[in-house]
Every structure is written in structure tokens, then in C-alpha cells.
Amino acid sequence: MMKILHLSDLHVEPVGKLAYARANTARRMIELTEWLAQHKDEYDAIAVSGDLSCDGNIDSYHLIDAIFRSLPKPCFMVPGNHDRRKPFLECLSHFCPNVYSPENLSFSVDLGDYRLFMLDTLQPGIHWGALPDGVLDWLEAEMKNTNKPSLVFCHHTPVKPGMGYMDEPFGNGDRFIEILSQRPDVRLCTGHLHRPVATLAKNKVVVVTAPSVSLQMLLDLTPKGGDEFVFETPGYAVHTFLDDGWVTHFGQFPFPSDFSGPYPFVNTINPDA
Ligand SMILES: [Fe+2]
Ligand SMILES: [Fe+2]
């Protein structure tokens, strides 16, 4: 039984700098490293769905590389809106093999009887995501070329979650969902929302969102929601394919969490904005 550990929204800052002046995400990486080593028999591969860095600085990518390179299991990554493609690719290219292009780091990889699609939805200077037509042409062709049950990972979620500021557009979202809907054995797995969320996009495609490893979004389903974080318990998702199809479980990390907040996401909504 293949188990894919899904991590998201690490928002790593270099040692000595706090994310949003409050969150020690460099220390969180030490806690994460220990947990990943202790639990290495509970997952077969890791997929990280973006916002690895808080502002795309190269030191944060060196830190991430050191952590994930030491693990005995394969690991795959795509950028989010807080990442920068150039330093991401410079430091982490071994976690994103055979990318579509240097301008879009999408790729696919086979894991035994299953396939992972890792899609790059980053638009520099823009908070919300998009997939270019060329990438969707490639995705459509790749999906027609395999019968393997597939997980599709990307940072942004092509569904408005009812969380105020996070109710954003998704460029080419309708076409993206239409392509995924052609296959019943495909699940879309995202991040960006910093909470575990599940929905059925356009009543066609199951979408599940992993919580953040570092900062949880305040659960505020009003027009002013979606822009503050709280130190709730961080978490992860595990996707596995069983007799009835893909099943997603959510787990919590036993890292110190004092439930303080909410605090604003300030200054680094997008590093190129
Ligand atoms: Fe994020
Ligand atoms: Fe994000």
C-alpha cells in the first residue's frame, strides 16, 4: 500500500529570522526533521505543495535542501506564491526532476503503480495561482498516456473556500478541473489555505488541502477572513490508494503549539509583489 506524505506551507526563514516577526520556522524544520526520521516507515514518499520559503531567499532553500536530502524516502516539491523560481530551482532541482521548463517547474513522476503530477501554479508578483495553456496541454497528454491512479499536487486551490481574502481567482481553473475530471482515479492535493479543507471542484473533482507545517490560518469564514494565522497544532495529510480509490487522512505534528493569535500575515504576501 503506497502512502504519500503531503506537507505544505513550511514558510521557512533562515536561522535567526522569524516568519512574520513571530514564527520560528527554522526551528520548526529541526522538529520536522526529527519527526520525519522517527516516522520514516509510515510513508513511502513525500510531496511538498509549495510555500517552502517565506520570501524566496536562498538561505531558506539551503536549509530545506539539507533537511529533505537526508531522508531515505523520495521527495518531490513545487513552488508556491511565497517562493522564487530561480533560487528554488538552483537549490532544489533534485526534488523536481524533468521540469516542463525553467519558467514552469511542473513535472510528473511514477511511483510503482501510481503517478504523481507536480504542477507549478506560481505567478511572480501575484498571490493567486494559474496554470498556462502549455502546461495544461502537457498535463492532458500525460494523463491520456497512463492508466495509473494519480495524485495531482499544486500549491493553489482552484476553488473559492469561503475564507474572505483567500477567495481568489485561479487562472485556467475551469480547464484544469475539466482535464482532471476525465479520470475518476485522480485526486487533487493542494496547500495555500493553511488549513485542512475538502471539496468537490465544479462537482467533478475531489480536492483536499493539507494544513501548514508552520502556521495555521484562522478559521474565519467572513469577508475579512483568510489573512490571519494562529499557532494551532500543525499538521499533514497522507494519501493512499485502496480498493475504493484514493483515501486521505489528516494527522497532527506533536510540535509545541500555544494556540495564540490571530496575527496578521504581513509584508511577504508575495516576494515579487
Ligand atoms: Fe502559505
Ligand atoms: Fe500560498
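Leaving aside its neighbours within four places in sequence, phenylalanine 253 is in contact with Trp35, Thr233, Pro234, Gly235 and Tyr236 in this predicted model. Phenylalanine 253 is found in the loop between strand 15 (245–252) and strand 16, and, because 19 C-beta neighbours lie inside 10 Å, the residue counts as partly exposed; the cut-off for a buried residue is 20 or more. Aspartate 185, by contrast, is not among these contacts: a C-alpha to C-alpha distance of 29 Å separates phenylalanine 253 from aspartate 185, with their positions 68 residues apart in sequence.

The loop between strand 15 and strand 16 also contains phenylalanine 259 and proline 262. Phenylalanine 259 has a positive phi of about 60 degrees although it is not a glycine, and with 9 C-beta neighbours inside 10 Å it counts as exposed. The peptide bond that joins glycine 261 and proline 262 is cis, with omega at about 5 degrees. Both features stand out against the general pattern, in which most residues other than glycine have a negative phi and most peptide bonds are trans. A positive phi, near 55 degrees, is likewise found for tyrosine 20, another residue other than glycine. Tyrosine 20 lies in the loop between strand 1 (3–7) and helix 1 (25–38) and, with 18 C-beta neighbours inside 10 Å, counts as partly exposed.Strand 16, which follows this loop, belongs to an open sheet of 3 strands in the order 12-13-16, with antiparallel pairing. Strand 12 (216–217) and strand 16 (263–264) stand at the edges of this sheet, and each has a single partner strand, so that one side of each is left without a neighbour in the sheet. Strand 13 (residues 228–230) is joined to strand 16 by 2 bridges, and the two strands run antiparallel. Within this pairing, tyrosine 263 of strand 16 is the bridge partner of phenylalanine 229.

A further set of pairings involves strand 11 (residues 205–209), of which 4 of the 5 residues are buried, so that the strand is largely enclosed by the rest of the structure. Strand 9 (residues 186–190) pairs with strand 11 in the parallel sense over 3 bridges, whereas strand 10 (residues 197–201) pairs with strand 11 in the antiparallel sense over 5 bridges. Threonine 209 takes part in both pairings, standing opposite threonine 190 and serving as the bridge partner of valine 197. Strand 10 and strand 11 form a hairpin with 3 residues between them, and in its turn lysine 202 has a positive phi of about 50 degrees.

Two helix pairs were also examined. Helix 2 (residues 58–69) and helix 3 (residues 85–92) pack with their axes 9 Å apart and at an angle of about 30 degrees, which makes helix 2 roughly parallel to helix 3. The crossing of these two helices is right-handed. On the side of helix 2 the contacts are made by Ile58, Tyr61, His62, Ile64 and Asp65, which meet Pro87, Phe88, Cys91 and Leu92 in helix 3.

In the second pair, helix 4 (residues 133–144) packs against helix 5 (residues 173–180) at an angle of about 5 degrees, with the axes 10 Å apart, and helix 4 is therefore roughly parallel to helix 5. The residues that meet across this pair are Leu136, Leu139, Glu140 and Met143 in helix 4 and Arg175, Phe176 and Ile179 in helix 5.

Taken as a whole, the secondary structure of the protein comes to 5 helices and 16 strands. The radius of gyration is 17 Å, close to the 19 Å that the globule rule gives for 273 residues, so the protein is as compact as a globular protein of that length. Taken along the principal axes, the C-alpha atoms fill a box of roughly 45 × 40 × 35 Å. Of the 273 residues, 43% count as buried. Among contacts with a separation of 6 or more, 72% are accounted for by residues 24 or more positions apart.

Definitions and conventions: Residues are numbered from 1 along each chain as its sequence is written. Chains are lettered from A and ligands numbered from 1 in the order in which they are written. This is a predicted model: local features need pLDDT of at least 70, side-chain atom pairs count only at pLDDT 80 or more; totals for chains, interfaces and linings use all residues. Two strands pair if DSSP finds at least two bridges between them. The radius of gyration is taken over C-alpha atoms; the globule rule is 2.2 Å times the number of residues to the power 0.38. A residue is buried if 20 or more other C-beta atoms lie within 10 Å of its own, exposed if 12 or fewer, and partly exposed in between; C-beta atoms are placed from the backbone. Two residues are in contact if their C-beta atoms, placed from the backbone, lie within 7 Å. Axes are lines fitted to C-alpha atoms, for helices over the stretch in contact, and angles run from 0 to 180 degrees between N-to-C directions. Angles under 35 degrees count as roughly parallel, over 145 as roughly antiparallel, 65 to 115 as roughly perpendicular and the rest as oblique. A crossing is left-handed if the near helix is turned anticlockwise from the far one by less than a right angle, and right-handed if clockwise.
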